[in-house]
Amino acid sequence: SQGTKALFIIFGATGDLAHRKLYPAIYKLYKKGFLGESFAVIGTARREWSDDYYQDVVMDSISDLTESQEHAGTFASHFRYQSHNVNDTEHYHTLKDLADKLDEEYDIDGNRIFYLSMSPSFFGTITSHLREQNLVTENGFNRVIIEKPFGSDFNSSKELNDEINASFDEDQLYRIDHYLGKEMVQNILALRFSNSLIENSWNKDSISNFQITLSEDLGVEERGEYYDKSGALRDMVQNHVLQMVSLLTMNSPKAFTTEEVRKEKMAILNALKDPVVTQDEDTEFVRGQYDTSIDGETKGYRDEDKVDPESLTETFVAGKIIIETDEWRDTPVYIRTGKRLAEKTSRVDVVFKPSQTALFDDKPTVLSILVSPNEGFELLLNNKKIGPGMELESVRLSAVRSEETVEESPEAYEKLILDVLNGDETHFAHWQEVATSWKYVDQIREKWDSFTDSIPFYPALTMGPDEADTLLQNDGNNWIYKA
Ligand code: NAD
């Protein structure tokens, strides 16, 4: 096949994301034939780069992936650079001329993907200029990819959305939540709805609770300035965590279409119970901030570069999410995420109830969905210990993908950009999802902002403050995953 015809215009082309993720993803799509020769990329940013220099940067970013220098060179020859200040109207005229020229040169038929890989504070400005200076074509598709963070609360996200909507319709917008591009997150629905064994036990009678853990071992690194204003709740819970909650608990969609999947996800997000947030034991959300590690080798959050030395920003969140439907009211979804935790892992543990018969002293069956760095499933079952008597022991059925398989699987960005080329919005967050998630998270934020005296600390490289354990123990539960 000749692949999809498309002109990409990347705003923020000199940035970290473009270099680390976008160029490699576009290269892989080219290598696999999803993009043919009828594609081109215009990179724009403030810096004054030449086309040659830009093409060298692109070559450098894909150096690990290339078949040959020649193949990489052919790929990079499709890239042009246009230095550009997003506020300057004149630049959009220049950009339009270049876009029209490349459209003709590469026979692209007007298909355009505008990738906004920049601070969201520029999104409104860029989209209105794209419309007013006629960069939007009549003959092809025009799609806009937007990076996170999409606002910092409901009001700011609504403002941002209104600005963008003045120039582009919802069905032209692709809000990236890269978790939705991950193999094992996409696998949640496949697992749930293609195995009757699992489908028939995915209910309140069989499941005791869900546990989502998205932990990082790194600290804030160079992002202290951004992170200190954001915190874990905004950075991780509003988007990735709540998306995973909806995938784990949504009803079966009538069909696997964007519309039906979104409808069922929304039903969950609309049913989230208002969280109870206090400084006492009855709280459903707890926060924490990392302090110096126990061995003294890793510094605390307040000592990080560009972080307020008296910061009350949370680097850890644990919570109990209640979905107020007849199905899930009594089945809590426990979540935790944070930085400088003991280990880097993303996983879901589905904890089943003990057997109804009281014949044996059984432990709960646990299905673990390993998202990263390991990918696969593990199922913890009871079985009889070898020998006399009827004593039980746990056995683990494991379908963990090999490192090689994981290495060879397409990265989230590759799959998501391909979805944009195909016009498939299933793995992108709809505005309604974003809005409802912000409203939920804002309630927690508001309470925390009113607790101005202190924040629970945890030693760096542990699994968070004690409060995170108490949260589950109060319900007679425990975190399954312990690093
Ligand atoms: P970055 O700071 O490395 O790059 C920002 C880019 O914007 C640069 O190319 C810069 O030249 C350009 N720019 C800034 N001001 C400009 C102006 N006035 N006119 C024209 N160009 C201007 O940022 P990044 O890490 O590449 O992130 C880009 C976006 O992606 C952000 O919204 C970020 O939140 C999001 N994001 C990044 C990552 C990541 O891993 N880097 C992950 C998730 C989301």
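Which strands does helix α4 lie across, and at what angle does α4 run to β2? Helix α4, made of residues 89-105, lies across β1 (4-11), β2 and β3, and α4 runs at about 170° to β2. Keep in mind that this is a predicted model. The tour below starts with the sheet under that helix, then moves on to a strand pair and some helix pairs.

**The six-stranded sheet**

- Six strands form an open sheet, lined up as β3-β2-β1-β4-β5-β6 with parallel pairing.
- The edges belong to β3 (79-83) and β6 (173-175); each has a single partner strand, so one side of each has no neighbour in the sheet.
- On average, and ignoring direction, neighbouring strands here are turned by 20° against each other.
- Look inside the sheet and you'll find β4 (residues 112-116) paired with β5 (residues 142-146) in the parallel sense, over five bridges.
- In that part of the sheet, F114 stands opposite V144 of β5.

**Helices lying on the sheet**

- Helix α4 isn't alone in lying across strands: α2 (residues 51-61) lies across β2 (35-45) and β3.
- The direction of α2 is at about 120° to β3.
- For a single residue to click on, try L102, which sits in helix α4.
- L102 has 18 other C-beta atoms within 10 Å, and 20 or more would be needed to call a residue buried, so L102 counts as partly exposed.
- Leaving out residues up to four places away in sequence, L102 touches L7, A40, I42 and R80.
- L102 and S38 are 64 residues apart along the chain, yet their C-alpha atoms are separated by 9.6 Å.

**An antiparallel strand pair**

- General background first: strands of a sheet pair through backbone hydrogen bonds, and the pairing can be parallel or antiparallel.
- Here β13 (residues 376-384) pairs with β14 in the antiparallel sense, over nine bridges.
- One bridge to pick out joins L381 to V395, its partner in β14.
- Strand β14 (residues 392-400) lies largely in the open, because zero of its nine residues are buried.

**Helix pairs**

- A pair of packed helices is described by two things, the angle between the axes and the distance between them.

*α9 with α10*

- Helix α9 (residues 224-249) packs with α10 (residues 258-270) at an angle of about 110°, and their axes are 9 Å apart.
- That angle makes α9 roughly perpendicular to α10.
- The crossing of these two, α9 and α10, is right-handed.
- On the α9 side the meeting residues are L242, V245, S246 and T249, and on the α10 side they're K265, I268 and L269.
- Sorted by class, the contact of α9 with α10 has four nonpolar, two polar and one charged residues.

*α5 with α6*

- The axes of α5 (residues 123-132) and α6 (residues 154-165) come within 8 Å and cross at roughly 10°.
- Helices α5 and α6 are therefore roughly parallel to each other.
- F123, G124 and T127 of α5 make the contact with L160, E163 and I164 of α6.
- The class count for α5 with α6 is three nonpolar, two polar and one charged.

*α1 with α12*

- Helix α1 (residues 16-31) and helix α12 (residues 412-422) pack at about 65°, with axes 8 Å apart.
- The crossing of α1 past α12 is right-handed.
- From α1 come K21, L22, A25, I26, K28 and L29, and from α12 come Y413, E414, I417 and L418.
- By class, the contact of α1 with α12 has seven nonpolar, no polar and three charged residues.

Definitions and conventions
Residues are numbered from 1 along each chain as its sequence is written. This is a predicted model: local features need pLDDT of at least 70, side-chain atom pairs count only at pLDDT 80 or more; totals for chains, interfaces and linings use all residues. Axes are lines fitted to C-alpha atoms, for helices over the stretch in contact, and angles run from 0 to 180 degrees between N-to-C directions. Helices (H or I, at least four residues) and strands (E, at least two) are DSSP runs, numbered from the N terminus. Angles under 35 degrees count as roughly parallel, over 145 as roughly antiparallel, 65 to 115 as roughly perpendicular and the rest as oblique. A crossing is left-handed if the near helix is turned anticlockwise from the far one by less than a right angle, and right-handed if clockwise. Two residues are in contact if their C-beta atoms, placed from the backbone, lie within 7 Å. Ala, Val, Leu, Ile, Met, Phe, Trp, Tyr, Cys and Pro count as nonpolar, Asp, Glu, Lys and Arg as charged, and the others, Gly among them, as polar. Two strands pair if DSSP finds at least two bridges between them. A residue is buried if 20 or more other C-beta atoms lie within 10 Å of its own, exposed if 12 or fewer, and partly exposed in between; C-beta atoms are placed from the backbone.
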